[in-house]
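Please work through the following exercises with the sequence and the structure open beside you. Each task is followed by a solution that proceeds one step at a time.

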Amino acid sequence: MKSAKKYTIAVLMPEATNDIYYWKEHLRRIQDITVDLFPFESEFDIFHFKQYDEDSFLQKSSFYFF
C-alpha cells in the first residue's frame, strides 16, 4: 500500500576514502534501505563530509536546519 505522504530522510555521514574505509559498508546498507522504502514514497538525501574537517561538517550539516 502506498503512502500519500512523501518523506525525505537526510543522512549526514563521513565520506569513505581509501584511508577511512569504515564508512563504505554503512553507505551500502543505506542504499539497500532506500530500495526497501521505495514503495513508501521515501527518499534519502545523503550528505558526506570530510571526517577530520570541521568546516566540511558545518557546511554539510547546515542544509537541514529549519
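**Exercise 1. Decide whether Phe49 is buried or exposed, and find the aromatic ring with which Phe49 pairs.**

Step 1. In this predicted model, Phe49 has a relative accessible area of 10%, and since buried means under 20%, Phe49 is classed as buried.

Step 2. The structure holds two aromatic pairs, and one of them is formed by Phe49 and Phe57, with 5.0 Å from centre to centre and 80° between the ring planes. Because planes over 60 degrees apart count as edge-to-face, this pair is edge-to-face.

Step 3. The partner, Phe57, has a relative accessibility of 35% and therefore counts as partly exposed, whereas Phe49 is buried.

**Exercise 2. Describe the geometry of the aromatic pair made by Tyr22 and Trp23, and state how accessible Tyr22 is.**

Step 1. Of the two aromatic pairs in the structure, the one between Tyr22 and Trp23 has ring centres 5.0 Å apart and planes at 85°, so this pair is edge-to-face.

Step 2. Tyr22 has a relative accessible area of 56%, and because exposed means over 50%, Tyr22 is classed as exposed.

**Exercise 3. Which residues make the nonpolar surface patch, and where does Leu58 lie?**

Step 1. The patch covers about 240 Å² and is made by Leu12, Phe57 and Leu58.

Step 2. Leu58 belongs to helix 2, which comprises residues 54-61, and with a relative accessible area of 43% Leu58 is partly exposed.

Step 3. Phe57, at 35% relative accessibility, is likewise partly exposed, and besides contributing to the patch this residue is the ring partner of Phe49.

**Exercise 4. Characterise the surroundings of Ser56, a residue of helix 2.**

Step 1. Ser56 has a relative accessibility of 10% and so counts as buried.

Step 2. When residues up to four places away in sequence are not counted, Ser56 touches Phe49 and Lys50; Phe49 is itself buried.

Step 3. Ser56 and Pro14 are separated by 42 residues in sequence, yet their C-alpha atoms are 9.6 Å apart in space.

**Exercise 5. Which residues does Ser42 contact beyond its neighbours within four places in sequence, and is Ser42 buried or exposed?**

Step 1. Ser42 is part of strand 2, which comprises residues 42-49.

Step 2. With its neighbours within four places in sequence left aside, Ser42 is in contact with Tyr7 and Leu37.

Step 3. The relative accessibility of Ser42 is 18%, and therefore Ser42 counts as buried.

**Exercise 6. Examine the salt bridges, beginning with the pair that links distant parts of the chain.**

Step 1. Side chains of opposite charge can pair when their charged atoms come close. A search of the whole structure finds four salt bridges.

Step 2. Lys6 forms one with Glu43, and the closest N and O atoms of this pair are 3.4 Å apart. The pair links distant parts of the chain, because Lys6 lies in the segment before strand 1 (7-14) and Glu43 in strand 2, 37 residues apart.

Step 3. Lys6 counts as exposed at 54% relative accessibility, while Glu43 is partly exposed at 31%.

Step 4. Asp32 forms a salt bridge with Arg28, with 3.1 Å between the closest N and O atoms; both residues lie in helix 1 (residues 22-37), where they are four residues apart, about one turn of the helix.

Step 5. Asp32 also meets Arg29 in a salt bridge, at 2.8 Å from N to O, and because these two residues are three residues apart in helix 1, about one helical turn separates them.

Step 6. Asp32 is partly exposed at 28% relative accessibility, as are Arg28 at 39% and Arg29 at 42%. Together with Glu25, these residues are linked in a network of salt bridges.

**Exercise 7. Place these details in the protein chain by stating its secondary structure pattern and its burial.**

Step 1. The protein chain has two helices and two strands, and along the sequence they follow the pattern β-α-β-α.

Step 2. Of the 66 residues in the protein chain, 15% are buried, and the accessible surface comes to about 5,500 Å², of which 57% belongs to carbon and sulfur atoms.

Step 3. Among contacts between residues at least 6 apart in sequence, 64% join residues at least 24 apart.

Definitions and conventions
Residues numbered from 1 in each chain as written. Predicted model: local features only at pLDDT ≥ 70, side-chain atom pairs only at ≥ 80, totals over all residues. Heavy atoms only, no water. Patch = residues over 30% accessible without salt bridge, like charges linked within 9 Å, V, L, I, M, F, W, Y side chains within 5 Å. Areas by Shrake-Rupley, 256 points an atom, 1.4 Å probe, with all protein chains shown as cover. Salt bridge = Lys/Arg side-chain N within 4 Å of Asp/Glu carboxyl O. Buried < 20%, exposed > 50% of the residue type's maximum accessible area, 1.4 Å probe, protein only. Phe/Tyr/Trp six-rings, centres within 6.5 Å; stacked < 30°, edge-to-face > 60°. Contact = heavy atoms within 4.5 Å.
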